[in-house]
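The following exercises are to be worked with the sequence and the model at hand. Each task is followed by a solution in steps.

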Amino acid sequence: MLGVDYYPEHWPLERMDTDLSIMKNNGLELIRVGEFLWSKLEPKEEVYDFSLLDTLFSRCDALGLKIILGTPSATPPAWLTRKHPDMLQKDALGHERPFGSRRHYCLNSVTYRSYVRDIVQRLANRYGHATALYAWQIDNEFGCEDTTYCYCEKCDQAFQHYLERKYQTVSALNQSWGTVFWSQEYGSFSEIRTPRRTNARLNPTHVLDFYRFSTHSADTFAQDQIDVIRAGSEAPITHNFMVGFTELDYVTLRKQYDFISYDNYQPTEQYDPLISEFNFDLMWSLKEKPFTVMEQQPGRVNWQQRNQYYPPEWLRATTKQAFAFGAENVVYFRYRPLYSGAEQYHSGLLDYTGNPEKSPRISVVKDLAAEDLKPRKKPAKTGLFFDYENAWMHQINTVTKDLNYVEKVFEVYVAMRNLGYDIQFFFRDSDLSQYERVLLPYAICIPEPIRRQLNAFPGKVFLTCASDLKNEKNHIHSDRSLGLNFPSLAFEIRDFGAVSKQPVRWIAPDGALQPLPELLEGSLWYEEIDLRTGRVLGQWAGPYPGPAIVSSEDRRLLYTGTCFPPETLRGILRYWLQD
């Protein structure tokens with residue numbers, strides 16, 4: 001289905017019939033509503049007004065339109081924050097995030113959760129069995145606008161309880177965190193705080209556990225609402241994930257939702273369709289089934305340095321792309337642009353006057369609605385490892401800040417797509433038996449379940465520099481030598497560090513099958529590789545010693561010990577893929 005994000009509260013009530021007729025006449029079947037509606041639903045404490053939603057549900061039911069109803073917890077009203085200012089977030093400097101925008105609440109505020117449960121309960125009781133109800137959306141974009149992490153006193157206490165459940169004793173935590181360094185040892189869990197900004201680097205395991213805790217906080221905050229809804233409604237439940245967002249672990253959060261939904265925006269000023277394809281494939285892979293695009297950018301946005309213009313026809317291609325990569329619904333944000341408010345420059349399907357005759361984007365949507373738009377994504381035989389905790393580890397403490405985990409995984413994705421391969425992402429709990437080949441780029445921590453499967457995996461395996469340097473405590477391995485130890489490819493990493501651009505000589509014995517230039521360019525990362533089993537495909541040609549690219553004798557396993565430009569990476573992958 002095609003749909004729109006609709007905000008009837010922004011316009012006079014008498015406009016609703018006109019809007020719904022325009023939607024119906026232009027092939028729109030699905031409406032998301034309500035995620036920012038709290039101040040209308042409860043203008044004063046315990047004073048409720050559901051007349052707007054009542055009217056909308058009634059009119060949509062008569063027209064055969066379906067509704068995704070959002071819970072309004074992303075925007076607590078002014079009266080609530082004034083009465084309970086302790087529900088507000090604090091940033092890493094301890095500054096309160098005040099009322100005046102959105103997402104300013106603390107996920108661990110018991111008081112706020114109580115108010116949220118109450119309003120969600122009333123919505124579930126009133127609309128849980130409505131004929132027009134298609135699904136529920138919990139909150140809106142957890143973590144958006146730098147709100148993933150809260151450092152208030154309530155989060156300090158919740159973090160302490162989280163750590164006590166995980167470690168049982170503070171001595172076990174001290175051992176796991178390595179707190180003897182810089183005299184950071186704790187005598188009790190009550191001494192621990194969320195990792196506020198300090199004058200020097202923070203303890204990397206402390207930060208990693210805080211990131212895990214932040215995902216846990218979003219998970220339990222959502223689960224509170226899910227439990228209330230499930231008691232009074234059988235409609236499926238979702239939450240809208242975001243493009244290129246790694247502050248929360250979507251692999252963990254996916255489990256509580258019936259289907260994945262995702263907001264498809266272009267995060268770069270220049271349009272790159274492969275960014276959308278990467279994120280579509282990621283969203284499909286989270287549950288290995290079709291997803292909903294809950295917010296599809298229709299044109300100009302409002303939050304970039306330069307909010308690029310997109311012609312109406314652009315919407316045709318990006319909509320078809322979403323269905324080709326596994327979407328079952330595409331919902332456009334937004335139906336009509338608003339003349340006021342923080343998002344006043346964000347475009348919609350209609351123009352500012354709300355006149356469909358002057359709004360070519362709605363005509364494009366009408367044409368699309370007449371086509372056979374169905375999810376066409378199928379399981380792929382090529383698996384690409386993506387891990388949110390790996391992204392965190394690279395971010396928290398690194399050898400080179402120029403190595404961005406998501407960007408580097410994206411480069412591998414693009415290379416494989418350009419070589420003609422469909423991609424499916426796999427995660428730390430995935431079964432590898434469905435794949436013919438797997439790629440694990442920049443996996444600084446290879447989870448033990450994946451490592452065990454790799455040892456017995458019969459297909460092709462591609463790995464890169466920085467692989468398996470750390471364990472899940474964010475510690476660099478010290479119980480064994482660094483490196484990889486497969487039966488057909490084994491080597492020790494004697495040392496490693498950052499490098500500028502350096503030449504690598506391509507010396508693959510059978511390289512003529514898929515020729516590469518004799519001299520390649522490695523950068524960012526250097527590893528001093530002592531090869532035990534396998535063969536050398538590329539040798540450092542500058543001042544640094546040793547192999548830069550190695551493989552098993554049959555080329556089934558291939559490892560790059562540095563970073564290569566996209567074109568070179570594609571050539572190396574082509575060589576690895578040949579029979």
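A residue is called buried when its relative accessible area is under 20%, exposed when that area is over 50%, and partly exposed in between. The model used throughout is a predicted one.

**Exercise 1. Determine whether L454 is buried or exposed, and describe its surroundings.**

Step 1. Locate the residue: L454 belongs to helix 15.

Step 2. Apply the cut-off. The relative accessibility of L454 is 4%, and the limit for a buried residue is under 20%; L454 therefore counts as buried.

Step 3. List the neighbours. Leaving aside residues up to four places away in sequence, L454 touches L432, V438, L440, I446, V461 and F486.

Step 4. Examine one of these pairs. L454 and F486 are 32 residues apart along the chain, and their C-alpha atoms are separated by 8.5 Å.

**Exercise 2. Compare the settings of E288 and Y442, given the phi value of each.**

Step 1. Note the backbone angle. Phi of E288 is near 55°, which is positive although the residue is not glycine. For Y442, phi is likewise near 55°, again in a residue other than glycine.

Step 2. Place each residue. E288 is in the loop that runs between helix 10 (273-287) and strand 8 (291-296). Y442 is in the loop between strand 12 (437-440) and helix 15 (448-456).

Step 3. Assign the accessibility class. E288 has a relative accessible area of 38% and is partly exposed, whereas Y442, at 4%, is buried.

**Exercise 3. Describe the contacts of D5 and the peptide bond that joins F333 and R334.**

Step 1. Locate D5: it is part of strand 1 (residues 2-5). Its relative accessibility is 0%, so D5 counts as buried.

Step 2. Find the polar partner. The D5 side chain reaches the backbone nitrogen of F333 at 3.4 Å.

Step 3. Extend the list. Beyond four places in sequence, D5 touches R32, M294, E295, V331, Y332, F333, R334 and Y335.

Step 4. Inspect the peptide bond. The bond joining F333 and R334 is cis, with omega about 10°. R334 itself is found in the loop between strand 9 (327-332) and helix 12 (360-369).

**Exercise 4. State where R535 lies and which side chain it meets in a polar contact.**

Step 1. R535 is in strand 19 (residues 535-540).

Step 2. With a relative accessible area of 12%, R535 is buried.

Step 3. The side chains of R535 and Y575 are joined by a polar contact of 3.3 Å.

Step 4. Residues up to four places away being set aside, R535 touches P509, D510, I549, V550, S551, S552, E553, R555 and Y575.

**Exercise 5. Explain why the chain is judged as compact as a globular protein of its length.**

Step 1. Count the elements: the chain has 16 helices and 21 strands.

Step 2. Compare the radii. The radius of gyration is 26 Å, close to the 25 Å that the globule rule gives for 579 residues, so the chain is as compact as a globular protein of that length.

Step 3. Add the contacts and burial. Of the contacts with a separation of 6 or more, 71% are between residues 24 or more positions apart. Buried residues make up 59% of the 579 residues.

Step 4. Consider surface and charge. The accessible surface is about 23,400 Å², with 49% belonging to carbon and sulfur atoms. There are 64 positive and 74 negative side chains, and the centres of the two sets lie 1 Å apart.

Technical notes. Residues numbered from 1 in each chain as written. Predicted model: local features only at pLDDT ≥ 70, side-chain atom pairs only at ≥ 80, totals over all residues. Heavy atoms only, no water. Helix = DSSP H or I, 4+ residues; strand = E, 2+ residues; numbered from the N terminus. Rg over C-alpha atoms; globule rule 2.2 N^0.38 Å. Buried < 20%, exposed > 50% of the residue type's maximum accessible area, 1.4 Å probe, protein only. Contact = heavy atoms within 4.5 Å. Areas by Shrake-Rupley, 256 points an atom, 1.4 Å probe, with all protein chains shown as cover. Lys, Arg positive; Asp, Glu negative; His and termini not counted. Charge placed at Lys NZ, Arg CZ, Asp CG, Glu CD. Polar contact = N/O pair within 3.5 Å; in protein donor to acceptor, adjacent residues only side chain to side chain.
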